[in-house]
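Me: I have a structure open that I have not looked at before. Can you walk me through it?

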Amino acid sequence: MAMNKPYHAKQHPKTSYSFSIYLILIITCPILFILFQIKFLQTPPSSSPLPSWAFFNQRQKVIINTTFNNLTKELMVTKKLLRESVIFLPLKDLRYSSTAQQGHTWFMSSMYDTHEEGEVQYQRFPSNASKGKVLCLKGNNTHDGAWNSYALAWPEYLPYNSTLKKGLTFVSYNHYNYDNIWHGLSSMVPFVAWHIKNSQCSRTPTRWILYHWGEVRIKMGSWLKSLMEATFGEPLQIENISNNATCFEDAVVMRHNEGGISRQKRIQVYDLLRCKARIYCNVRERKTPVIGMTMFMRVNNGPRSFKNDSAVIGIFDKECKKMEGCHFILAYSNNLTFFELVRVMSLTDILISPHGAQLTSMFLMDKNSSVLEFFPKGWLKIAGVGQYVYHWIASWSGMKHQGAWHDPDGDSCPYSDDDKRCMSIYKNGKIGYNKTYFSEWARRVLNEVKIRKKEELGSVTSTTCYCS
């Protein structure tokens with residue numbers, strides 16, 4: 001029978017060898033250190049000895065200088081990389097052409113707006129939203145906004161060959177144009193709303209940059225230009241953009257027109273526009289309770305003009321003469337200067353006019369004034385919401401839109417009346433008249449205004465503008 005042998009752990013030669021080396025090092029290192037110290041103490045001093053503290057300081061300076069030089073080189077490399085890493089994107093992003101005016105729009109599509117309830121939608125550079133970066137623009141193409149571009153950059157690390165513009169810059173996007181009074185004003189209102197937001201009235205723009213579909217524009221209609229100069233109290237400086245990058249110390253961007261602004265805020269804006277325009281044009285407040293009835297006509301024989309101007313003028317002039325204290329004014333929108341327009345509107349309590357951009361001037365009347373609007377045949381069915389823009393501006397500016405008359409007669413269309421193809425025929429049609437309806441309409445509105453004037457007689461209105 002085999003017997004189990006007792007187990008004995010094997011002695012590993014490698015382990016024993018390592019332990020021996022370790023033991024030798026433990027003994028040898030202290031001995032070598034002591035011998036080194038003895039040798040050091042026995043070494044005679046050199047002919048020009050340095051004190052130990054001086055040697056230490058000198059060594060420390062060398063280390064600091066080396067470290068500083070290395071850090072400087074690294075910072076220069078980092079700065080170069082930051083400047084070269086600024087990425088310019090197309091101002092007009094064709095990916096969003098089907099939703100060009102919605103959300104972040106196709107203009108500066110990578111950016112989102114700051115929007116507080118009831119206030120204007122805007123972008124500010126630099127700001128917390130931009131993480132302290134400023135806005136840079138490049139390109140001056142006037143035909144395709146996709147060739148113009150924008151980028152954000154740190155103020156300390158602007159792109160190479162760029163220019164930094166000092167002061168406040170207003171950057172405007174208009175989906176339509178700056179020559180039409182209505183569309184132009186719609187793109188300016190948000191800047192005025194921002195101007196009075198949080199008591200920022202002291203901040204006036206040093207320059208304006210204008211875009212339409214991302215394309216550069218370097219002018220606006222004279223009426224609109226004068227209104228903005230009156231509002232901000234300074235000549236309007238519209239600047240172009242070079243092909244090299246132009247960056248802005250402080251920039252505010254608007255791309256949603258009046259969208260998102262509450263009615264209360266809009267009334268405040270239009271109050272300021274009216275007040276500033278009257279001061280600019282030296283228009284004084286009326287002292288007598290005269291009722292001003294103004295017929296604001298479009299160009300003779302032009303689109304949406306009356307077929308028989310004299311007949312329509314005669315109807316309203318006759319009703320005005322029946323009312324004591326009524327003063328009738330006939331004006332043509334195409335031959336008034338800005339100063340003349342402001343004066344005429346300040347004397348107007350009832351504005352009578354065909355549908356058209358000239359009605360935009362209604363906000364220059366006293367608040368609670370009345371508007372009567374006229375349309376050619378076909379607009380009511382197929383013109384869409386655009387036919388109500390002057391209802392809207394009447395509400396936003398504190399006026400009373402007293403209704404619209406749609407001519408039932410006019411040019412015929414080969415399609416059904418509700419076919420949108422007919423709009424090309426109806427859009428610029430002429431407007432007829434209905435003597436009975438116009439007379440009754442005029443009398444009703446005149447009586448309302450007369451009552452309002454009596455109620456307002458003796459009341460004190462402030463002549464100080466909000467931002468004065």
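Me: Is E319 buried or exposed?
Reply: This is a predicted model. In it E319 is buried, with a relative accessible area of 3%.

Me: Which residue does E319 form a salt bridge with?
Reply: The partner is K322, and the closest N and O atoms are 3.2 Å apart. Both residues lie in helix 6 (residues 309-322), three residues apart, about one turn of the helix.

Me: And K322, buried or exposed?
Reply: K322 counts as exposed, at 53% relative accessibility.

Me: How many salt bridges does a search of the whole structure find?
Reply: The search finds 27. One of them is between the side chains of K165 and E239, at 3.5 Å from N to O. That pair links distant parts of the chain, 74 residues apart: K165 is in strand 5 (residues 163-173), and E239 is in the loop between helix 4 (222-232) and strand 8 (246-254).

Me: What other residue does E239 form a salt bridge with?
Reply: E239 also meets R207, with the closest N and O atoms 3.3 Å apart. R207 sits in strand 6 (residues 207-212), 32 residues from E239, and this pair too links distant parts of the chain.

Me: Which of these three are buried, and which are partly exposed?
Reply: K165 is partly exposed, with a relative accessible area of 29%. E239 is partly exposed as well, at 23%. R207 counts as buried, at 6%; the cut-off for buried is under 20%.

Me: Changing topic. How many disulfides are there?
Reply: The count comes to four. Among them is the link from C275 to C465, with an S to S distance of 2.0 Å. C275 lies in helix 5 (residues 263-280) and C465 in the segment after helix 11 (435-456), so the disulfide ties together parts that are 190 residues apart in sequence.

Me: Why is that one left-handed?
Reply: The torsion about the S-S bond of C275 and C465 is about -95 degrees, so the disulfide is left-handed. Both cysteines are buried.

Me: Which other cysteines are joined?
Reply: C320 is joined to C326, S to S 2.0 Å. Its torsion is about -110 degrees, so the disulfide of C320 and C326 is left-handed. Both C320 and C326 are buried. C413 and C422 form another disulfide, their sulfur atoms 2.0 Å apart, and with -85 degrees about the S-S bond this link is left-handed.

Me: Are C413 and C422 buried or exposed?
Reply: C413 is buried, with a relative accessible area of 14%. C422 is buried at 0%.

Me: Now the sheet with strands 9 to 13. What is the strand order?
Reply: It is an open sheet of five strands in the order 10-9-11-12-13, with parallel pairing. Strand 10 (326-332) and strand 13 (400-406) are the edge strands, each pairing on one side only. Neighbouring strands are turned by 15 degrees against each other on average, direction ignored.

Me: How many bridges are there between strand 9 and strand 11?
Reply: Strand 9 (residues 291-297) and strand 11 (residues 350-354) pair in the parallel sense over three bridges. T294 stands opposite L351 in strand 11.

Me: Which strands does helix 11 lie across?
Reply: Helix 11 lies across strand 9, strand 10, strand 11, strand 12 (370-375) and strand 13. Helix 11 runs at about 180 degrees to strand 13.

Definitions and conventions: Residues numbered from 1 in each chain as written. Predicted model: local features only at pLDDT ≥ 70, side-chain atom pairs only at ≥ 80, totals over all residues. Heavy atoms only, no water. Disulfide = S-S within 2.5 Å. Helix = DSSP H or I, 4+ residues; strand = E, 2+ residues; numbered from the N terminus. Buried < 20%, exposed > 50% of the residue type's maximum accessible area, 1.4 Å probe, protein only. Pairing = 2+ DSSP bridges. Axes fitted to C-alpha atoms, helices over the stretch in contact; angles between N-to-C directions. Contact = heavy atoms within 4.5 Å. Salt bridge = Lys/Arg side-chain N within 4 Å of Asp/Glu carboxyl O.
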